Amino acid sequence: MASEKTIRIHSPATVANMVCGFDILGFAVNEPYDEMRIRCKDEPGIVIVNEDDYHLPTQPEKNVAGAALLALMDELESPVGFELFIRKQIKPGSGVGSSAASAAGAVVAANRLLQDRFSKEDLVRFAMNGEKLASGVKHADNIAPCIYGGVTLIRSIFPLDIIGITAPPLYVTIVHPQIEVRTSDARGILKQQVLLKDAIRQWGNIAGLVAGLLQGDYQLIGRSLEDVLIEPVRSILIPGFDKVKKLSKEAGALGGGISGSGPSIFMLSENETTARAVEKQMKEVYESLSLAYHTYVTTINQSGVTFVEE
Ligand code: HSE
């Protein structure tokens with residue numbers, strides 16, 4: 001039985017890849033987040049109402065939230081109707097999981113209307129259809145942390161195997177230079193083959209990062225935040241990237257790199273004072289380049305999509 005209620009949620013931004021874990025690691029952050037509401041409607045189908053200025057498509061099959069909802073509705077025995085209101089605060093094309101927040105938020109909220117009949121893993125499966133629409137490929141390194149919260153490892157997507165990774169307290173500084181990098185373009189320029197020596201270095205870093213997180217070893221986390229496969233190719237799309245990285249580390253950041261497919265850059269720090277010092281460096285880089293930017297100093301979101309009381 002569908003509910004009469006309106007469900008309100010906050011759907012968090014996410015940082016995919018976590019530098020070395022292309023397509024397999026990601027974490028959710030407390031700022032920014034999208035606001036969404038959903039309610040059932042009498043006629044079957046999906047109506048999407050945008051309550052922001054991004055002019056995203058409202059046809060369900062062309063909208064990432066719509067594509068995710070359609071996948072969910074495919075697994076229901078009887079037709080149902082949803083009316084979805086989206087107020088995005090995560091700018092599309094920013095590299096902090098804007099499409100994932102819409103897709104994941106929509107299915108988590110719809111599932112609550114359906115008395116939580118689907119598991120979190122089911123919801124990730126549905127929401128990946130939104131990512132397919134946005135980037136051409138199903139990947140869950142934004143969707144999984146958005147739904148589960150915290151740091152997640154996606155060991156496999158077919159079949160889904162999602163592992164939550166406990167992390168010590170970390171501060172996250174994000175700078176979003178105001179240019180748009182389409183995930184499909186940022187994926188299109190990647191090499192399809194890698195050298196064995198580079199692969200060895202990369203999986204050493206991934207294992208080191210996961211061990212560092214689990215053991216709360218900040219120095220190991222910092223050493224492991226290195227990407228020899230993807231960053232050398234993608235960083236050329238991001239003005240000021242090398243400078244931001246160098247100055248952030250000098251300011252005390254543990255390390256960081258491209259957030260998802262960019263153009264946002266993120267840095268991890270042990271404490272807020274360092275995270276603010278990193279923010280200052282980031283601002284100075286983009287001031288000197290006369291490029292508009294936006295920064296966030298935030299922490300890891302442990303709960304994923306959250307329900308908000310009406
Ligand atoms: N892992 C994906 C990529 C994340 O880097 O293309 C996109 O946000």
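**Exercise 1. A strand pair**

Take β5 and β6 in this predicted model and work out how many bridges join the two strands and which way they run.

*Solution.* Start with the ranges: β5 covers residues 151-157 and β6 covers residues 160-165. Next, count the links, and you get six bridges, with the strands running antiparallel. For one concrete pairing, pick S156 and look across to β6, where its bridge partner is D161. Finally, check the turn: two residues sit between β5 and β6, and the strands form a hairpin.

**Exercise 2. Two domains and their contact**

Find where the domains start and stop, then describe how domain 1 and domain 2 meet.

*Solution.* First, the bounds. The domain assignment puts 7-165 together with 301-308 in domain 1, while domain 2 takes 171-299. So much for the ranges; now the spacing. Over C-alpha atoms, the centres of domain 1 and domain 2 are 24 Å apart. As for who takes part, 31 residues of domain 1 and 37 residues of domain 2 are in the contact.

Now for the area. The size of an interface is often quoted as the accessible area lost when the parts come together. Here, domain 1 and domain 2 bury about 2,500 Å² between them, and 66% of that is on carbon and sulfur atoms. Which three residues of domain 1 give the most? V19, C20 and F22 do, with 26% of the area that domain 1 buries against domain 2.

**Exercise 3. Polar links across the interface**

Count the salt bridges between domain 1 and domain 2, then see what else the interface holds.

*Solution.* The salt bridge count between the two domains is one. For a salt bridge to look at, go to R187 and D23, whose side chains meet at 2.7 Å, N to O. That is inside the cut-off, because a salt bridge needs the Lys or Arg nitrogen within 4 Å of the carboxyl oxygen. Polar contacts come next: 11 residue pairs across the interface of domain 1 and domain 2 qualify, both residues at pLDDT 80 or more.

Then ask which elements build the domain 1 side. β1 (6-16) and β2 (25-41) are the ones that give two or more residues to it. β2 supplies the largest share, seven residues. Sorted by class, the side of domain 1 that touches domain 2 has 17 nonpolar, 11 polar and three charged residues.

**Exercise 4. A long-range salt bridge**

Track down where the two partners of the K88 and D34 salt bridge sit along the chain.

*Solution.* Begin with the full tally, which is 19 salt bridges. Among them, the side chains of K88 and D34 meet at 2.2 Å, N to O. Now place the partners: K88 is in the loop between β4 (81-87) and α2 (98-113), and D34 is in strand β2. They are 54 residues apart, a link between distant parts of the chain.

**Exercise 5. Backbone oddities**

Locate the peptide bonds at P32 and P263, then look at phi of N17.

*Solution.* Step one: the bond from E31 to P32 is cis, omega near -10°, and P32 is in strand β2. Step two: G262 and P263 are also joined by a cis peptide bond, with omega about 10°; P263 belongs to the loop between β8 (255-258) and β9 (265-269). Step three: N17 has phi near 80°, positive although the residue isn't glycine. You'll find N17 in the loop between β1 and β2.

Technical notes: Residues are numbered from 1 along each chain as its sequence is written. This is a predicted model: local features need pLDDT of at least 70, side-chain atom pairs count only at pLDDT 80 or more; totals for chains, interfaces and linings use all residues. Side-chain values use heavy atoms; hydrogens and water are left out. Domain bounds come from an automatic or database domain assignment. Contact means heavy atoms within 4.5 Å. Buried area is the accessible area (1.4 Å probe) that two parts lose on being put together, summed over both. A polar contact is a pair of N or O atoms within 3.5 Å; within protein, one must be able to donate a hydrogen and the other to accept it, and residues adjacent in sequence count only if both atoms are side-chain atoms. Helices (H or I, at least four residues) and strands (E, at least two) are DSSP runs, numbered from the N terminus. Ala, Val, Leu, Ile, Met, Phe, Trp, Tyr, Cys and Pro count as nonpolar, Asp, Glu, Lys and Arg as charged, and the others, Gly among them, as polar. Two strands pair if DSSP finds at least two bridges between them.
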